[in-house]
Amino acid sequence: MNRFFAFIPLIAFAGMAVYFWMGLRQDPSAIPSQLIDEPVPVFELEPIRGFDQGLSHADLEGEVVLLNFFGSWCPPCLIEHPMLMQIARSGEVPIYAIDWKDEPGAGAAWLERHGNPFVRIGDDQSGRTAIDFGVTGAPETFVIDREGRVRYRHVGVITEEVWQETLLPMVEALKRS
Amino acid sequence: MIAELGQFLLILVLCVAVLQAGLSAAGLYFKDPAVFGFARMGAIVQFVLTLGAFAALTWLFAVSDFSALVVAENSHTDKPFIYKITGVWGNHEGSMLLWVVMLTGYTAALAWASKAVAPRLITLTFAVQSAITALFAAFLLFTSNPFARLWPSPVDGRDLNPLLQDPGLASHPPMLYAGYVGFSITFAFAVAALIEGRADARWARIVRPWALTAWTFLTIGIALGASWAYYELGWGGWWAWDPVENASLLPWLAGTAFIHSLRVMEKRDTLKAWTILLALFTFSLSLAGTFLVRSGVLTSVHAFAVDPERGVFILAILLGLIGGALTLFGFRANTLRPTGTFAMVSRESSLLVNNIFFAAAIGLVFYGTFYPLFITTVSDETLTIGAPFYNATFNPLMGLLFLAVPISGLMAWKRAKLGQLLKTLSPAVIAALTAGFIAAWMANAQPVTSALGVGLGIWVGAGVLSDLRSRTKLFETDFAASMRRAASLPLGIWGMLVSHLGLAVLIIAITGVSVWKQETRAFLEPGQAITLGGHTITLVDVVRLDEDNFNAAVGRFDVTRAGGSEHEIIASRRFYPVRGMYTTESGIDANLAGDVYVTIGDPVEGRGWPVHVYLYPLAVWLWIGSVILSLGGLLAILDRGRRSLSARKSSKGQAT
């Protein structure tokens, strides 16, 4: 009996380990968007300096689109950028963007230097819109369907793998539906 | 070039650690004493190599080499130099490297300070320690390489999170880690004892200074974290029951229970299996504290990096270390037979009660931290457990525990007499009851909680003083004789008394800060004032300040305290353009009675500056109490044990 007691800590730990394992299986970047299947938040943003067109929630309706949050201050955005250029060239899906908390002019200069894959860009200097979207860091990308509903949120850099295995199939499925 | 050198050193650390763990095990198996010398040498080599890697990373930060990924993501050329250096551990990779530096540092210290330990025991301990080092060096190299390059390298970096640009951050994580990691030594000793199947009073005496060192660092680390939250986060929250704060509290609770039961084991050669189990638990909770935060299992404002791949690696390490140790415990615990026996009323039984309370407290905090995550894992519900839960469960439990503190300190080992005890403590009972009534009568809110908090604090404090009085026989013999008695008390006893006094101060301070706090907010134009609790706070002016890496609106306030004295408070709001983040720099006028705490927000056109004023009575005593508490730990570390042994021989039969 006494022997058995000595194993109680191990058994308790095993139980906990199983639970932690379950906790890990959840992709932490995939969850806490309250917005999934909800209409995009209402917003109306000025164009960034040097562009004519700003961006509002109405611009995102009517077509399956990607909405990318970026900033010229964000090194991972630079890493992501060639992939966005490639997606834009492929013509699979239009990409809209929100320039998040950037200095006036910095976003435009950055796009000038590295190329512009975006259809329209809104300037979110105050970061309010990013808060409404629940953005935690740049880059972050939302897949938005024809009715203007958020269908998916990707946190972090879109790699070739993410595009081929997650975003592209989702975009194609949404276009067919 | 420097980055590659750092990486190379890190690879060497991994190799030496693996080699040492393997050789030690083999040497013990084949009973070849040649490995014993290598164990000591290897420990020092590991430390020197890791220190080299850490120096390399520091260099990269110092010269702002943005071709290194961590530097680009966490530093900026305009950042003040001191924060470039502290930024080394203000990110996941760097702080993990610091963790390994601490780990090898402790192992090297053990090599230096353990000449008297039996060779088999110490070699086993080194083997376990090296195995831990190897696991974490591998973790660094394979999932969190601090020396990864970034190409193309950016012109400038992303800057360190401005919340972390604070002197608090410079010292908080290293202290915390020194605490967490210190318990690796006691863990390694416990595993070694289990493998050997022998743990006795001698083992406890060897382990005690290490446990106390780790405990003292952890205490300081938690206090620094609390003060950082109080000053920097801007809402005066010194403790918020945040999962990450709980993660540091859990090993502290376990470590506190551990040093108490270790004392029983050392004195009476009993509670062995329990003490060993606590040693294992304490380090396990330290590991959980450091790593679950980083694995993505726990998410909170504190979480630096969330990466499932890292999470899997961490979980594997935890499984190996903790699971392995507990399996060993399951098979070997029965070989640890106690020799001492004790009566129901004795120091041993009171310390056992202490341990049961601590175990229950650990259970509560653990539940509060992980249950919400469990719920979100198995269902779609979300649930938060916050202060109300802990107030209703943790606080009463601690209250009961505090009741026992003075009693336990005064009880004799083996068998104590209650009558004598009550006589010694009767002044403390009277003082506590009086203080409780006064507190209830004076309190501006919650008279019952106030009375309980202050009464308990005075009870513990007065109990400690009664304890000291009875040990020195002050007022019973002449003064000089009492002084001689005080001077000959072992440092360990002084450590206990001082720590418990610090605890008394903390109990009262916590009551003051959390029960009697007051707050108010208003929009102010320069020249306008608000009053709170008899203090008048006037906004004098607001000026704009431009620094290299931030700009700020700086508000100057005049405070006229209730007593009539006048002070100036500077509170500001900073904007860090690189990260686009705002921070609130609270302004505090502190004195022993309490803090006047002011924050200022963004102005609203036509209404003025939003100003938030808090009164935190006794806040300074939080920090004073923490210092006293850690000082007690330090005193107890300095007790080499031998002195208490000889003192006991010379005054045989007398309770210590």
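This report walks through some charged pairs and two unusual backbone angles in a predicted model.

## Salt bridges across the structure

Side chains of opposite charge can pair when their charged atoms come close. Searching the whole structure turns up 19 salt bridges over all chains. Three pairs in chain B are described below, each in its own setting.

## A pair that links distant parts

Let us start with Asp639(B) and Arg208(B), whose side chains form a salt bridge with an N to O distance of 4.0 Å. Along the chain the two partners are 431 residues apart. Asp639(B) sits in the loop between helix H18 (619-638) and helix H19 (642-650), while Arg208(B) belongs to helix H8 (residues 201-232).

Are these two partners buried or exposed? Asp639(B) is buried, with a relative accessibility of 7%, and Arg208(B) is buried as well, its relative accessible area being 7%.

## A pair within one helix

Next come Asp467(B) and Arg471(B), which meet in a salt bridge at 2.7 Å, N to O. Helix H15 (residues 447-472) of chain B holds both of them, four residues apart, or about one turn of the helix. Asp467(B) has 3% relative accessibility and counts as buried. Arg471(B), at 12%, is buried too.

## A pair between two strands

The third salt bridge joins Glu568(B) to Arg556(B), with 3.0 Å between the closest N and O atoms. Glu568(B) lies in strand S5 (residues 566-576) and Arg556(B) in strand S4 (residues 551-560), so the bridge ties together parts that are twelve residues apart in sequence. Here the surroundings are partly open: Glu568(B) is partly exposed at 45% relative accessible area, and Arg556(B) is partly exposed at 32%.

## A shared network

Which residues are joined into one network by salt bridges that share partners? They are Arg205(B), Arg208(B), Arg263(B), Glu266(B) and Asp639(B). You have already met Asp639(B) and Arg208(B) as a pair.

## Two residues with positive phi

Most residues other than glycine have a negative phi, and most peptide bonds are trans. Against that background, two places are worth a look.

Lys473(B) is not a glycine, yet has a positive phi of about 50°. You will find Lys473(B) in the loop between H15 and helix H16 (479-488) of chain B, where this lysine is partly exposed, with a relative accessible area of 30%.

Leu618(B), also not a glycine, has a positive phi of about 65°. The loop between strand S9 (609-617) and H18 of chain B is its location. Leu618(B) counts as buried, at 17% relative accessibility.

Notes
Residues numbered from 1 in each chain as written. Chains lettered and ligands numbered in written order. Predicted model: local features only at pLDDT ≥ 70, side-chain atom pairs only at ≥ 80, totals over all residues. Heavy atoms only, no water. Buried < 20%, exposed > 50% of the residue type's maximum accessible area, 1.4 Å probe, protein only.
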